[in-house]
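Here is a short briefing for a reader who has not met this structure before. Please look over the sequence and the model, then read on.

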2 protein chains.
Amino acid sequence: MNAEIIAVGSEMLTAARIDTNSLYLTEKLNNLGVEVVTKYVVGDDRDRLASTIRLAASNSQIVLLSGGLGPTEDDVTRDALALSIDRRQIFHQEICDQIEQRFHKMGRRMAETNKRQAFLLEGAEMLPNDHGTAPGQWIEDSGCVFVLLPGPPHELKAMFERQCLSRLTRIVPKQFIETLIFRVAGMGEADLDQTISPVYKKYSNPATTVLAHNGDIQVHLRARCKTQAEALALLAEVGGQVEALLGDRIYSRNGDSLEVTVGAMLRKQRATIAVAESATAGALADRITSVAGASDYFVGGFITYTRAMKTEMLGVDPELLQRFGPVSKEVAEAMAQGARRRTGASYALSITGNAGPATDGGQAPVGMMYIGLASPSGVTSTHRQFLGDRARIRAFAGQMALDFLRRSLP
Amino acid sequence: MNAEIIAVGSEMLTAARIDTNSLYLTEKLNNLGVEVVTKYVVGDDRDRLASTIRLAASNSQIVLLSGGLGPTEDDVTRDALALSIDRRQIFHQEICDQIEQRFHKMGRRMAETNKRQAFLLEGAEMLPNDHGTAPGQWIEDSGCVFVLLPGPPHELKAMFERQCLSRLTRIVPKQFIETLIFRVAGMGEADLDQTISPVYKKYSNPATTVLAHNGDIQVHLRARCKTQAEALALLAEVGGQVEALLGDRIYSRNGDSLEVTVGAMLRKQRATIAVAESATAGALADRITSVAGASDYFVGGFITYTRAMKTEMLGVDPELLQRFGPVSKEVAEAMAQGARRRTGASYALSITGNAGPATDGGQAPVGMMYIGLASPSGVTSTHRQFLGDRARIRAFAGQMALDFLRRSLP
């Protein structure tokens, strides 16, 4: 069963505001086994909203609308729905009385315009609003359910929980939904897709989604079945094939981020880590310590932005810097060794590179990044050339460094 | 002139993701005098997207689509637009060669599927993508302009700035829109609004928007007039009143971020800066160095997550740590002094605090943050108690440190 969500209100069409009610509604609908297939944000324009409602109803069996139920002429949701499904609106004195009482309780008089809120579409059920004046409405028409909800998030959530969940459960076919998430590092999105699409393309259930952000890829498999056992079996079948193809490029199977995964590995070994950062200047340490409890394994770091600081803070030989340049395998390894020696940490991870935008005196091309890792068994390094702007190159370098550490940990 | 924005991608229909490209696009369109009247999020479904495109084109003269231009079969935007305006798609060898070269530069081979990205709709102009493989497209059809943009925000922004702004300027009726942006630190959003709303509420032109994020507030005034002189005069009138009320809490008047503002002050003085971070663990240095050219004034930093590292790296007296605890005015000042001494920088900024989630052995409450600043004229410090989660507290602390530096610089 599919749903569409329409947020109504011209303020949601400015550069400063975003509709977030739809995130809450999506979560609740997904939990019932309902997919959201289109979301809309429409301004306070009755005719435009009416055509949007018509398109939504032609695609899905559930159409949720939020906002536009207030008392002013800008509040067009009731009129737009009445227009699009061709129903009259009927004044209900008892609703009007309730609204009047609400104002009375707050010590205020109801404005004449609030009477607009006492109209229901013919055949609609009224959904009481415990936190505001605007009642919601529940209307079924030609096999489609329309739900009118208030715009303010706390009013919408309370009404949805108390009035809509049980009604929806009655009309949604019973099913079980299980999700499996693989997180992957060390390969590009297109590469990954080419590798695994021959498997997941064979199945429409589970549904597969691939998400990539700054070198971090997530593969989501979501199975919908009549029983939970069936859903889990389906995930095991397809997930097993995906896993076989991706191998150790998968770093987590439970949604954990790379920094959480690496942190757990370090904690398990009772090992500690320090960092030495040049091009990323603190971003790697920031990421490692974004995990609560990182103080169990993270001891500290050095941000050595200049050649002099590489020598001062980490003891990198000035001759090495002179001979190979600061963006080199040799300097990356010396930085890692220096950080390990000076902190006494089990591991030290270093990054040196050129994040741009200018080339570094012609020595290292923009995007060239070297990663060093000093460990109890010696020092190693790796390098890669990234493309993109400064922020992207820095993010990719941090991802690569954490993944290098993950693969190197015993 | 009106526009519609369609974000394409099933991942944008989950409870975990939201389309934010439309906020950027809305700002740019509004600056040209174009209003956004409907926004859509559509999944990777060709036919549904095609009907959405038809509805959008029936309402507005500009339809922007973001996402769905990747190489996989899930990427349906090209096909959906071809279907909805009934145009063929044509393979362009030269585009294919460019994509292949891009992979070559990264030392990788182009996957066969990437060839899908070398197709353009008949009559479309190709919009080069400087940051990714997917080229954009610009197509005019029956009085409507369709623009296909890539989904990743940095790719979309670069393409829109470089390729779309000038093209849109040619088709949008001339009016003058001038914007004045005040950026403010050191006060809360509600405080600020209470302070300046008596002024801006008197004017519908310029339109005023207040945006707050992690302690950083922006006040945007946007004037639309028949002549540029009129728009500028209006901004001067209203902006002058706002400025008088906010005083030195305004840190920039041209949109520059706090790190850019502080960096420019340091550069002008030919001064240098180092940092010593505990609770923020690299986030402050990361922010300072996110500005291209930061190597002119940023020399390096120490991330001292443990007590031992504060002593080892910065020479903080263990007795001080014992007596006042690591989250204290005394330790913040000693950290700043140590960082300044060890790097030789003109200024050193330190942060020590408890970002949570657990209290630090009962000593410092979650959210307590001390900032130290060592300068040629001695050492000073400040502190504040923040509320919220770990990420929010760390972000507020970095903002507070930069603002403390800004107000302390001669």
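In which loop of chain A is A:Pro206 found? A:Pro206 sits in the loop between helix H6 (189–200) and strand E10 (207–213) of chain A. The model is predicted, and the points below cover its unusual backbone sites, one helix of chain B, and a sheet with strands from chains A and B.

**Cis peptide bonds**

- The bond from A:Asn205 to A:Pro206 is cis, with omega near 5°.
- In chain B, a cis peptide bond joins B:Asn205 and B:Pro206, with omega about 5°.
- B:Pro206 lies in the loop between helix H6 (189–200) and strand E10 (207–213) of chain B.
- Most peptide bonds are trans, and most residues other than glycine have a negative phi.

**Helix H8 of chain B**

- Helix H8 of chain B covers residues 258–269, which is 12 residues.
- At 1.5 Å a residue the helix should span 16 Å, and its end C-alpha atoms are 17 Å apart, which agrees.
- Its buried residues are B:Leu258, B:Val260, B:Thr261, B:Val262, B:Gly263 and B:Leu266.
- The cover over these buried residues includes strands E9 (176–185), E11 (216–225), E12 (250–252) and E13 (273–277), along with helices H9 (283–288) and H13 (390–408), of chain B.

**Positive phi in chain B**

- B:Arg270 comes just after H8(B) and takes a positive phi of about 50°.
- This residue lies in the loop between H8 and E13 of chain B.
- B:Arg270 counts as exposed because it has 9 C-beta neighbours inside 10 Å, where the limit for exposed is 12 or fewer.
- B:Ala281 has a positive phi near 45° and lies in the loop between E13 and H9 of chain B.
- B:Ala281 counts as buried because it has 29 C-beta neighbours inside 10 Å, where buried takes 20 or more.

**The sheet across chains A and B**

- An open sheet of 10 strands runs in the order E17(A)-E16(A)-E15(A)-E13(A)-E14(A)-E14(B)-E13(B)-E15(B)-E16(B)-E17(B), with mixed pairing.
- Strand E17 (378–385) of chain A and strand E17 (378–385) of chain B stand at the edges; each has a single partner strand, so one side of each is left without a neighbour in the sheet.
- On average, neighbouring strands of this sheet are turned by 15° against each other, direction ignored.
- Strand E14 (residues 298–304) of chain A and strand E14 (residues 298–304) of chain B run antiparallel and are joined by five bridges.
- A:Phe302 has B:Phe302 as its bridge partner in E14(B).
- Helix H12 (residues 329–343) of chain A lies across E13, E14, E15, E16 and E17 of chain A, and runs at about 145° to E15(A).

Terms used
Residues are numbered from 1 along each chain as its sequence is written. Chains are lettered from A and ligands numbered from 1 in the order in which they are written. This is a predicted model: local features need pLDDT of at least 70, side-chain atom pairs count only at pLDDT 80 or more; totals for chains, interfaces and linings use all residues. Helices (H or I, at least four residues) and strands (E, at least two) are DSSP runs, numbered from the N terminus. The expected span of a helix is 1.5 Å times one less than its number of residues. Two residues are in contact if their C-beta atoms, placed from the backbone, lie within 7 Å. Two strands pair if DSSP finds at least two bridges between them. Axes are lines fitted to C-alpha atoms, for helices over the stretch in contact, and angles run from 0 to 180 degrees between N-to-C directions.
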